[in-house]
Amino acid sequence: MPVRVLLEGAGPGAKIPSHLSRVPISLISISSDYTNKTVKGKVVHKGPLVSLADNFILKTVIQEEDSQPSALPQNPSINVVLLGALAKDFSQAVNQGDVVEASGFTVGKSPTVHKDKLHPCNLLLSGDDACVYVSRLPPPPDPRSPPAIKRSSVLSAEVSRTTKAQKYTYVKLGDLKAGSIVNVYGVVVFFKQPFKSRGTDFCSSLKIIDQSNQKIGCTIFCEKLDDHPKIFQIGDIVRMHRVKTQFFNDSITLVNTFGFSVVAFDGAVGGAMEPRTSSRSFHFDQEDRRTVEELRSWAASQAVLPPVPAISLSAVQPKAYFDLTCQLLAKAPIDTTCTLLRVWDGTRCSHTLLKVIVEPNVTEGPSSFSTERENLIANILVYDNHVEFARQLKPGAFLRIYNLRAIAGSSKVPGLTSSQSEEVDHLAFHLHGGTAYGRGIRVLPENSTEVQELKRVLDAVPEDDDNLSKLNDSALLEVWSTPPESLDGETVECSTERSCGHDIQPTTLSELKRSDPGRAHHVRVQLRSYEPRRLHQSLKLYCSKCRSMQDVPDDELLAGLFSEASRDSGPYSPPPWALSGRVDVPGDSPGSPNRALSVHLSTQLMSEGKTRELIFLMGSTLEETCRLTSGYQNIVPVRSSGGHLALVDLSAPFLFRGRKRYYGCRRCSEAAVREPCAEGVELIDEKVIAEALGVQLLQFVLLMKLELQDATDTLDVFLWRDAETFFSVSAEDVAANQEAQNSIRQAVDFLCPPGGSAGERPWLDVCLTAYRAEDDDGGQNQTCYQICHTTITKPPFARSDPEPA
DNA sequence: GCTTAGGGTTTG
């Protein structure tokens, strides 16, 4: 068994072999030998198990665990690619949050280092030597925790749970009876972050609802914060195991009981199914996935959910209560009941922010910032019970602060010296004492979508010394933010243009929703939001034959496939039409040696002198293949299989042409290595080669879901068939070059500025078609909308190219 | 040892 689960106290044999010694992730490098070495880390990302024709591959990211909690904002993380049975076992046995130790790995260069900024190397685990150990250790000793006997009982409960593979049943909230122990699912409509109770535990308070429309209050007592529900916002979905029902004030409430566990999920329809849990093992199958999806779509269609009060600093108005997602830059104690948190979210508040003077030398983090930066920093005063929590926060942490109050110009702010005049109408922020209204602070995990989104906004803020582009203001904004005065009015300048030629009057979204499908419509709208937020995920591979759509594999996965393909090169006989030889691949750095790889060429092409037009290349790494594209127009990677030449698995590109890579459909291709017919063919391109190889060529497409908005309603529409027209970019270019990717990012940021309010979003003239489509469950027909014949005409601000002063 | 809290008409 390549994945071994180690449990403390499980006896000999459940130990990592003593001849192995551990290497810190930070010290991993290409040149060293890692025989008898291990790498240990916490699984911070676990990718899906990808099944290939005769293999499995899985990508994960592990992070070095520091013995001191939260010493650094980020410990070193490294990509790990697992292949074969190991990938399958890992997928089943290991959960995000587990600590794993790997041995028998090889070290390669990480092809995604520029994108993910993780370790420059990756680990490849494949073959018999590779092994992953999963540590299921009890929690670190805690002075307040009960003696070991309790821990061991918790641990044995854990073991029996994992071995039994229990099937859980869930009770609908409308069917709860007092005096039983149940498992439930629900959508969160109210929550309080865990707070210290008067007893021994922290207490979380939730209210959840489900399709039975019954709202149920839940109280969770746990000593460890990590065992509490990880709720980030209203609409999140929780699954709780082993809660007891009891009557209080004439209604049923839920309280956790022995063996309690909870998993939380983002509530967004179509969002990631990333479980938030501290459980070391938990059951989650297709049925659970469906339950979460059903709750998501049910909640989305109901008006039961209170609005999420999350806004950015740019949208804050005096006296408002709101939730803020932000990064902590610095903090300073004010007095025993009050602490100052200095935070930002990358957006500029439209009101001047109050400055708070603190005593010198008490600030943790930078004590001052540039004037420009100061204008983006909100000063938050947290009081009473929150002071204790704030003390544990480290500058750099990403936070969500709930029920913040914006207060204009109070001269009574503690720490404001008497010599400082009252600053009228300057906004300060208060987190009042107590937990009413869910007041509290939560540290958001680095890998959460919330933090990813925030980082994107923060990254877009110009550097400190920049003489800040003044493009972002008045004159332009006024043009963009003027709402349409009438639907046919010419008063609004729009940032898109229709090219459909339909002679129809613009309609409102609410009218459009009432009309029958099968027609085209013109609307004037703003872009309220879009998915996927990570734009590279909008690039897909589409098969025009079977109409399937799939994600584009990332380089980490591809590198693993190439590495795997080069591993098992048994003897083979090249096809009769091929001329075989060797090609020198230069080393990747000046000192490193060249490698000679086997290549096969078409005799016919050779005879025509076309030696550089097409090679079949064996045993290359992904990187080497890419490097050779400068010398050969078409490179088809091949391997030996069953004594013959075969294509590498169709999960990998079957063809490299310059920076472009071409994929084939695994379902519709009957691939074999054959000689292309080059007679009378001007240009040997992907189509010629795909045809020769029996490959059904996949097409790069862009697929996004946009939420449009006008004064009457909002509407989810797809941008797919005409996505290239919309962005004036080809999907193939997006797949191959960064500039095309950037142009989409700029366009989207222009249509929907990060952190921007509705007033900052330009108006768009859009042509939509409405059509009936079967939904995923196969039964119900639903009306879908697609943007067509529409092009963005206004170029985004050239932020990187400010006007000379 | 088997409590703790049980939202909410919002302080500084």
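Tutor: Let's start with a term: a nonpolar core is a set of buried Ala, Val, Leu, Ile, Met, Phe, Trp, Tyr and Cys residues joined through side-chain atoms within 4.5 Å. Buried means under 20% relative accessible area, exposed over 50%, and partly exposed in between, with a 1.4 Å probe and protein chains only. This is a predicted model, where local features need pLDDT of at least 70 and side-chain atom pairs count only at pLDDT 80 or more, while totals for chains, interfaces and linings use all residues. Residues are numbered from 1 along each chain as its sequence is written, chains are lettered from A and ligands numbered from 1 in the order written, and side-chain values use heavy atoms, leaving out hydrogens and water.

Student: What average pLDDT does chain A have?

Tutor: pLDDT is the predictor's confidence in each residue, from 0 to 100. In chain A, 85% of the residues score at least 70. Over residues 466-490, however, the pLDDT is below 50. The average for chain A is 83.

Student: Which residues of the largest nonpolar core touch the most other members?

Tutor: This core has 66 residues, and helix 16 (residues 738-751) gives the most to it, with 6 residues. Helices (H or I, at least four residues) and strands (E, at least two) are DSSP runs, numbered from the N terminus. The residues that touch the most other members are Leu702, Leu706, Phe727 and Leu768.

Student: Which residues does Phe727 touch, not counting those up to four places away in sequence?

Tutor: Contact means heavy atoms within 4.5 Å. In general, nonpolar side chains tend to be buried together in soluble globular proteins. The residues that Phe727 touches are Leu702, Met704, Leu719, Ile744, Ala747, Val748 and Ile792.

Student: Is Ser538 buried or exposed?

Tutor: Ser538 sits in the loop between strand 24 (520-531) and strand 25 (539-542). Beyond four places in sequence, Ser538 touches Pro532, Val701, Leu702, Leu703 and Met704. Its relative accessible area is 2%, so Ser538 is buried.

Student: How many residues of helix 13 are buried?

Tutor: Helix 13 spans residues 686-693, and its buried residues are Glu686, Val688, Ile689, Ala690, Ala692 and Leu693. Their cover includes strand 29 (615-618), strand 30 (635-641) and strand 31 (644-647). The helix is mostly covered, and the buried count is 6 of 8.

Student: Which residue follows helix 13?

Tutor: At the start of helix 13, a side-chain oxygen of Asp685 reaches to within 3.1 Å of the backbone nitrogen of Lys687. Past the end of the helix, the residue has a positive phi, near 75°. That residue is Gly694.

Student: Which residues come nearest to DNA strand B?

Tutor: A residue is near a strand if one of its heavy atoms lies within 4 Å of it. There are 25 residues around DNA strand B, and sugar and phosphate account for 34% of the strand's atoms that come within 4 Å of the protein. The nearest residues are Ser197, His432, Gly433, Tyr437 and Arg439.

Student: How far is a polar side-chain atom of Arg439 from a base oxygen of DNA strand B?

Tutor: Bases of DNA strand B are approached by other side chains too: a base nitrogen is 2.8 Å from an N or O atom in the side chain of His432, and a polar side-chain atom of Lys207 lies 3.0 Å from a base nitrogen. For Arg439 and the base oxygen, the distance is 2.6 Å.

Terms used
A polar contact is a pair of N or O atoms within 3.5 Å; within protein, one must be able to donate a hydrogen and the other to accept it, and residues adjacent in sequence count only if both atoms are side-chain atoms.
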